[in-house]
Amino acid sequence: MKCETCFLVLGSNLGDRKVNLFSALEKLKIISIHKPKVSGFYLSEPWGFSSDKMFYNLAVKIQTNLSPRELLSYVLEVEKELGRTREISEIYLPRIIDIDIIFYGEKIVNEKDLIIPHPRVHLRKFALLPLCEIEENFKHPIFNKSLKNLLSELNDPLEVKIIAFND
């Protein structure tokens with residue numbers, strides 16, 4: 001299997017959100033051929049549900065030899081190791097960690113439990129802002145538009161802002 005460039009978006013709104021994201025990043029480094037490129041941290045309102053707990057989000061670009069299916073298995077195992085439990089009915093709930101595969105090179109995958117590109121990335125400011133920070137000119141393989149263009153067309157009213165840590 002050849003090395004593929006993959007983009008993922010991570011989020012956490014339970015527990016120590018910063019530690020949760022750093023822990024997930026450490027585990028993603030293991031499968032990346034080169035040093036991952038990581039966006040800044042973003043504070044965002046929950047998308048798709050109401051919660052008083054804001055999310056920390058970030059995007060990461062990795063190069064991996066894993067297939068899309070192997071990458072999915074790996075990120076689900078990382079989520080489990082970090083304490084995430086999935087409910088059968090789970091759609092949008094608070095979570096310790098969430099790792100979404102957004103792009104796997106220019107590959108299009110449409111399987112029951114794996115859809116790449118992520119089917120809602122173009123609707124989510126919390127995903128597009130950090131992705132644009134990493135590589136704004138990457139083209140969405142279905143829409144054939146750059147991430148920067150998708151962000152400019154976005155109609156997502158939720159607040160998302162970059163945050164800095166003082167420690």
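This is a short tour of a predicted model, stop by stop, with something to select at each one.

**Stop 1: strand 5**

Start by selecting residues 98-104, which form strand 5. Colour them by burial and you will find the strand mostly covered, with 7 of its 7 residues buried. Now add residues 4-12, strand 1: the two strands pair in the antiparallel sense over 6 bridges. To see one of the pairings, show C6 together with its bridge partner in strand 5, Y104.

**Stop 2: the largest pocket**

Keep strand 5 on screen, since it also contributes to the lining of the largest pocket. The volume of this pocket is about 940 Å³. Which residues are closest to its centre? Select R86, D98, D100, H118 and R120, the closest of the 36 residues that line the pocket. Next, bring in the elements that give two or more residues to the lining: strand 1, strand 4 (55-64), helix 2 (68-81), strand 5 and strand 7 (114-116). If you colour the lining by residue class, you should get 18 nonpolar, 4 polar and 14 charged residues.

**Stop 3: helix 2**

Helix 2 is one of the elements of that lining, so it is worth selecting by itself. At 1.5 Å a residue, its 14 residues should span 20 Å, and the C-alpha atoms at its ends are indeed 20 Å apart. Now pick out its buried residues: P68, L71, L72, V75, V78 and E79. Look down the helix axis and these buried residues fall within an arc of 125°, so they line one face of the helix. The spacing makes sense, because an α-helix has 3.6 residues a turn and residues three or four places apart point the same way.

**Stop 4: the bond before P117**

Move on to I116 and P117, which are joined by a cis peptide bond with omega of about 0°. P117 sits in the loop between strand 7 and helix 3 (125-135).

**Stop 5: two residues in one loop**

Finally, go to the loop between helix 3 and helix 4 (147-153), where you will find N144. Check its backbone: N144 has a positive phi of about 55°, although it is not a glycine. H140 lies in the loop between helix 3 and helix 4 as well. Is each of these two buried or exposed? N144 has a relative accessible area of 56%, over the 50% cut-off, so it counts as exposed. H140 has a relative accessible area of 2%, under the 20% cut-off, so it counts as buried. For a last distance check, pick the C-alpha atoms of H140 and L114: these residues are 26 apart along the chain, and the atoms are separated by 17 Å.

Notes:
Residues numbered from 1 in each chain as written. Predicted model: local features only at pLDDT ≥ 70, side-chain atom pairs only at ≥ 80, totals over all residues. Heavy atoms only, no water. Buried < 20%, exposed > 50% of the residue type's maximum accessible area, 1.4 Å probe, protein only. Helix = DSSP H or I, 4+ residues; strand = E, 2+ residues; numbered from the N terminus. Pairing = 2+ DSSP bridges. 1 Å grid on protein atoms, 1.4 Å probe; cavity = no way out; pocket = protein on both sides within 12 Å on 5 of 7 lines; lining within 4 Å. Points joined across faces, edges and corners; volume = space filled by probe spheres on them. Nonpolar A, V, L, I, M, F, W, Y, C, P; charged D, E, K, R; others polar. Expected span 1.5 Å × (residues − 1). Arc of directions from axis to C-beta.
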